[in-house]
Amino acid sequence: RPDETAKVMTADVVFSQLKAGKIALDTPFTVSVNAWRRGGGPSGGAAMFAEVNKPAPVGELLAGMLVVSGNDAAMALAEGIGGTESEFSQMMTEQAKAIGMANSDFPNATGFANPGQFSTARDLSLLARHIIRTYPDYYPVFARPGIEWSRIKQRNRNVLLDAGIGADGLQIGWVKDVGYHVLGSAVQNGQRLIVVVLAAKSEKERLDETRKLVEWGFQSFRQRVIFAADQEVGRAQVFGGAASSVGLVGGRPVSVLTPRAGNERITARAIYTGPLLAPVTKGTQVGRLEVTRGQTKVLEIPLYTQEDVPVGSLVDRALDGGLTLMGDSVRDLAKRTMAKLHK
């Protein structure tokens, strides 16, 4: 069961609203009586101590939620965006599914105990990766040293940040009768790892096990770049275009984590439904790249067209119609021959 780590999912929805321009960091949300009573000072739990019926900017509410696990901040954000926490929780679960978190459900924005709330280590790691890659401008809030609100100063509760392992996020938590959790990320020598520890028996065990995993990961694995950001990874067939195919690119560097010892084979496969119908616009998502290490699929990213392909001439289209079954090389040769004849 997720606890404070559920607030990372809350943050993901808020980040998506910020990126889409629907809200801004200085947008004020009023802290309701509900958020104040159930999540603020009167609750006795983690809080940023926002004042009831007073506005607070989204940026500070995010810090209150992520730096000191403020339940009042999480509720205020949920109500400000979704109208009610219940409506917002539906947005959380829908967003989780869109990320690929197939085994997660979030019935509230705080991580308060609920029988319908669940997630897995894999799902939480997908969430962390998504946030780090998609919202680099907002991610640093997780490592903010502390906050001051209502004249109360509080330090960041994430003990990993001071553990000397290069941690820069995300959240730690605890669930009664389950244990101590962590969803973390660390960087050493330019290499980033994400770590998830669930159901540790104590705060010490949580920290010790996290440290062991991170140190083992950095010692045992390395990032291997297999394609640059703008490097062609394959070609898609085009029907009725000035060219018979178009290059496919990932839009970002494609790298995989590989063991430092051993030489497992890395295989990359471009998959698309085609042929594409001209005209084709540069930057259109048309397929995906699947990368396997040995027998295990380790990465899947979208693929985009590398350039524009305008509609071809009548000759191009006639050749495509007549030579579709003969393959790209035959069509290209035929088109070059026809071009020479028309010179």
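Which residue follows H3 with a positive phi? Keep that in mind while you load the chain; we get there at the third stop. One caution before you click anything: this is a predicted model.

**Whole chain**

Start zoomed out, with the cartoon on. The protein has nine helices and 15 strands, and its C-alpha trace spans about 85 × 50 × 35 Å along the principal axes. Colour by burial and 44% of the 343 residues count as buried. Switch on a surface and you are looking at about 17,100 Å² of exposed area, with carbon and sulfur atoms supplying 52% of it. If you like charges, show them as spheres: there are 40 positive and 34 negative ones, and the mean positions of the two sets are 5 Å apart. As for contacts, take those with a separation of 6 or more: residues 24 or more positions apart account for 60% of them.

**First stop: the rings**

Now select Phe-15, Tyr-135, Tyr-138, Tyr-139 and Phe-142 and show them as sticks. Ring pairs link these five residues into a cluster. The protein's count of aromatic pairs comes to six. Zoom in on Phe-15 and Tyr-135, a tilted pair with 5.5 Å from centre to centre and 50 degrees between the planes. Phe-15 sits in helix H1 (residues 6–19), while Tyr-135 is in the loop between helix H6 (121–134) and strand S3 (146–149), so this pair ties together parts that are 120 residues apart in sequence. Phe-15 counts as buried because its relative accessible area is 0%, under the 20% cut-off. Tyr-135 is buried too, at 6%.

Slide over to Tyr-139 and Phe-142. Their ring centres are 5.4 Å apart and their planes stand at 45 degrees, so this pair is tilted as well. Both residues are buried.

**Second stop: Gln-17**

Go back to helix H1 and pick Gln-17. Buried or exposed? Gln-17 is buried, with a relative accessible area of 13%. To see what is around this side chain, add Lys-22, Ile-23, Ile-81 and Met-91: Gln-17 touches these four, leaving aside residues up to four places away in sequence.

**Third stop: helix H3 and what follows**

Select residues 58–67, which make up helix H3. How many of its ten residues are buried? Nine of them are, so call this helix mostly covered. The buried set consists of Val-58, Gly-59, Leu-61, Leu-62, Ala-63, Gly-64, Met-65, Leu-66 and Val-67. Try turning the view down the helix axis here. An α-helix has 3.6 residues a turn, so residues three or four places apart point the same way. With that in mind, step through the buried set again, for instance from Leu-62 to Leu-66. Then walk off the end of the helix to Ser-69, the answer to the opening question: its phi is positive, near 60 degrees.

**Last stop: Leu-160**

Finish at Leu-160, in the loop between strand S4 (152–155) and strand S5 (167–175). Despite the loop address, Leu-160 is buried, with a relative accessible area of 3%. Show Ile-165, Ala-167, Val-182, Gly-184, Leu-207 and Thr-210 and you have the residues Leu-160 touches, again not counting those up to four places away in sequence. For one last click, draw a distance from Leu-160 to Tyr-180: the two are 20 residues apart along the chain, and their C-alpha atoms are separated by 13 Å.

Definitions and conventions. Residues numbered from 1 in each chain as written. Predicted model: local features only at pLDDT ≥ 70, side-chain atom pairs only at ≥ 80, totals over all residues. Heavy atoms only, no water. Phe/Tyr/Trp six-rings, centres within 6.5 Å; stacked < 30°, edge-to-face > 60°. Helix = DSSP H or I, 4+ residues; strand = E, 2+ residues; numbered from the N terminus. Buried < 20%, exposed > 50% of the residue type's maximum accessible area, 1.4 Å probe, protein only. Contact = heavy atoms within 4.5 Å. Areas by Shrake-Rupley, 256 points an atom, 1.4 Å probe, with all protein chains shown as cover. Lys, Arg positive; Asp, Glu negative; His and termini not counted. Charge placed at Lys NZ, Arg CZ, Asp CG, Glu CD.
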